[in-house]
Amino acid sequence: MSVGLVIVSHSRKIAEGVVELAAQMAPDVVLVAAGGADDGEGRSRIGTSFERVQEGIDKASGGDGVVILTDLGSAVMTAEMVLEFLEPEARDGVRLAEAALVEGAVAAAVQAQGGSSLDEVLRAAENAVVSIRPEELEPFVSHAAAAPGREEARPEGPGAAGSAAGPVATGSFVLPNQMGLHARPAATLATGLLELDAEVTVNGVDGTSVMLLMSLGLGQGRTVDVEASGPDAQAAVDFVAQAVESGFGEPS
Amino acid sequence: MSVADATGPLDAAWAVRWMRGTAQVVAENRALLIDLDRAIGDADHGENLDRGFGAVLLKLDGDAPETPAAVLKLVAMTLMSTVGGAAGPLYGTAFLRAATSLGDTGTVDPAGVAGMIAAARDGIVARGKAEVGDKTMVDAWTPASEAAETAAQAGATAPEVLAAAANAAHAGAVATEPLIARKGRASYLGERSAGHQDPGAVSTALILQAAAEAAGGEVA
């Protein structure tokens with residue numbers, strides 16, 4: 001069982017919406033919405049509820065731990081109170097992420113889907129705080145981008161000699177699908193690369209970070225430049241090649 | 001606001017009177033708190049507190065805790081799950097820390113009153129991470145705690161200590177008016193938050209006023 005997530009928001013709809021969004025990319029992860037507060041008449045109103053968060057943590061437990069993501073101020077305070085009430089043993093398996101809710105939840109869910117540890121999932125959430133900034137969508141100019149198009153992956157690329165990380169492989173692949181590297185393909189790449197024993201960058205960013213992959217904003221016809229090092233370097237490049245060139249199973 | 005004219009020891013019955021008085025004074029000032037919060041926040045403070053202390057009354061009707069601490073703990077748990085806004089965890093923490101400081105004592109003495117208010121104040125500071133001057137309820141709790149400590153050391157009775165705390169909290173709440181908010185939703189307004197009293201500081205003053213009145217203390 002993977003790490004579970006609890007989404008705490010003032011709004012029941014926001015919490016449920018974030019769960020819906022994250023679940024699309026992490027179907028096996030336990031995602032629990034803990035949004036809104038009771039209005040005393042069985043309905044939900046804006047606010048956060050100690051009981052709902054407590055129940056949420058309970059539901060999300062049972063795997064490798066729980067990461068809580070929150071929205072505005074009092075959601076954080078409510079979550080902190082619930083943590084204070086946990087037994088020390090249960091408390092050890094729960095982390096409260098300092099992260100942007102939507103970006104953090106998606107990144108954490110993908111990380112959890114890959115079977116990562118509690119602290120890795122927490123880190124994924126907290127590193128996802130930088131939202132997508134349009135002015136930064138095309139900043140990545142790498143050696144391969146200067147000559148777009150398919151290059152054969154090569155097990156021993158230039159500069160590989162003497163690398164402590166083991167074998168190096170690179171490759172460049174053009175995105176054939178209409179939607180390009182949007183959320184679902186980014187999740188496909190990140191999740192697949194997580195399972196391989198290799199350090200992988202895609203156009204200069206960490207290939208296992210779905211948020212960073214999405215922030216590249218690569219559309220149809222753009223080139224995906226992969227650089228991998230480590231024992232599974234070639235497998236990583238092959239995986240990206242296969243995924244990209246099949247258009248992620250989407251229309252081209 | 002003739003909540004209770006009862007005098008006597010600060011026992012569990014006092015704590016229950018305090019909470020009934022709080023529910024009444026919050027209900028009476030619901031519109032005021034909503035207006036203050038509408039000016040600089042999200043207009044839910046009066047409604048949230050009224051709902052929370054209303055729920056506290058229902059709990060107290062069904063249950064009769066035997067010590068002041070047990071009453072305050074019941075209040076804390078109820079506020080945490082019914083208030084919803086920031087006041088829920090903040091007042092929840094305050095009453096919980098106050099209950100912890102009282103232990104299993106049956107009757108609270110003057111030093112116990114001062115210790116209880118200091119514990120509540122410290123809990124709010126820890127939870128909300130606000131400081132004096134941020135235009136929050138800390139600006140009422142801090143002078144209240146200091147006044148209670150001073151009164152207790154000067155040999156005041158427990159009701160007098162509560163009255164000193166309540167008066168200082170009122171003064172602290174009034175003094176939030178010109179401040180610019182640096183915490184909570186009001187901080188988004190920046191300089192526009194000046195010119196209104198902080199609703200959390202005002203509700204703090206009301207709660208401590210109810211505590212003093214339930215003990216027969218004279219509140220100015």
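Start where the two chains meet: in this predicted model, chain A and chain B bury about 1400 Å² between them, and carbon and sulfur atoms give 56% of that area. On the chain A side, pick out A:Arg45, A:Met77 and A:Met81; these three lose the most area to chain B, together 38% of what that side buries.

Now widen the selection to the whole contact zone. You should have 17 residues of chain A touching 21 residues of chain B.

Next, show the charged side chains. Four salt bridges cross between chain A and chain B. One to zoom in on joins A:Glu80 to B:Lys129, where the closest N and O atoms sit 3.4 Å apart. While you're there, switch on polar contacts: six residue pairs, both partners at pLDDT 80 or more, make them between the two chains.

Which elements of chain A supply at least two residues each to the side that touches chain B? Select α2 (50-60) and α3 of chain A, and you have them. Of the elements there, α3(A) gives the most, with seven residues. Colour that side of chain A by class and it splits into six nonpolar, six polar and five charged residues.

Keep α3(A) selected and turn on the pocket surface. The largest pocket holds about 810 Å³ of space. Its lining draws two or more residues from each of these elements: α3 (73-85) of chain A, plus α2 (30-40), α3 (45-62), α5 (87-102), α6 (110-128) and α9 (199-214) of chain B. The largest share, five residues, comes from α3(A).

To centre the view, select A:Met77, B:Ala86, B:Leu90, B:Gly184 and B:Arg185, which lie nearest the middle of this pocket among its 39 lining residues. You've met A:Met77 already, as one of the three chain A residues that lose the most area to chain B. Colour the lining by class and you'll get 16 nonpolar, 13 polar and 10 charged residues.

Next stop, the second largest pocket, with a volume of about 440 Å³. Where is its centre? Select A:Gln111, A:Leu194, A:Asp206, A:Thr208 and A:Ser209, the nearest to it of 21 lining residues. Then bring up the chain A elements around it: α5 (101-113), α6 (118-126), α7 (183-194), β9 (199-202) and α8 (210-215) each contribute at least two residues to the lining. By class, this lining has 12 nonpolar, five polar and four charged residues.

For the last stop, go to helix α1 (residues 12-25) of chain A and select A:Arg12 and A:Glu16, which are four residues apart, about one turn of the helix. Their side chains meet in a salt bridge, 3.1 Å from N to O. Want to hunt for others? The count over all chains comes to 15 salt bridges, and four of these run across the interface where the tour began.

Methods. Residues numbered from 1 in each chain as written. Chains lettered and ligands numbered in written order. Predicted model: local features only at pLDDT ≥ 70, side-chain atom pairs only at ≥ 80, totals over all residues. Heavy atoms only, no water. 1 Å grid on protein atoms, 1.4 Å probe; cavity = no way out; pocket = protein on both sides within 12 Å on 5 of 7 lines; lining within 4 Å. Points joined across faces, edges and corners; volume = space filled by probe spheres on them. Nonpolar A, V, L, I, M, F, W, Y, C, P; charged D, E, K, R; others polar. Contact = heavy atoms within 4.5 Å. Buried area = accessible area lost by both parts, 1.4 Å probe. Polar contact = N/O pair within 3.5 Å; in protein donor to acceptor, adjacent residues only side chain to side chain.
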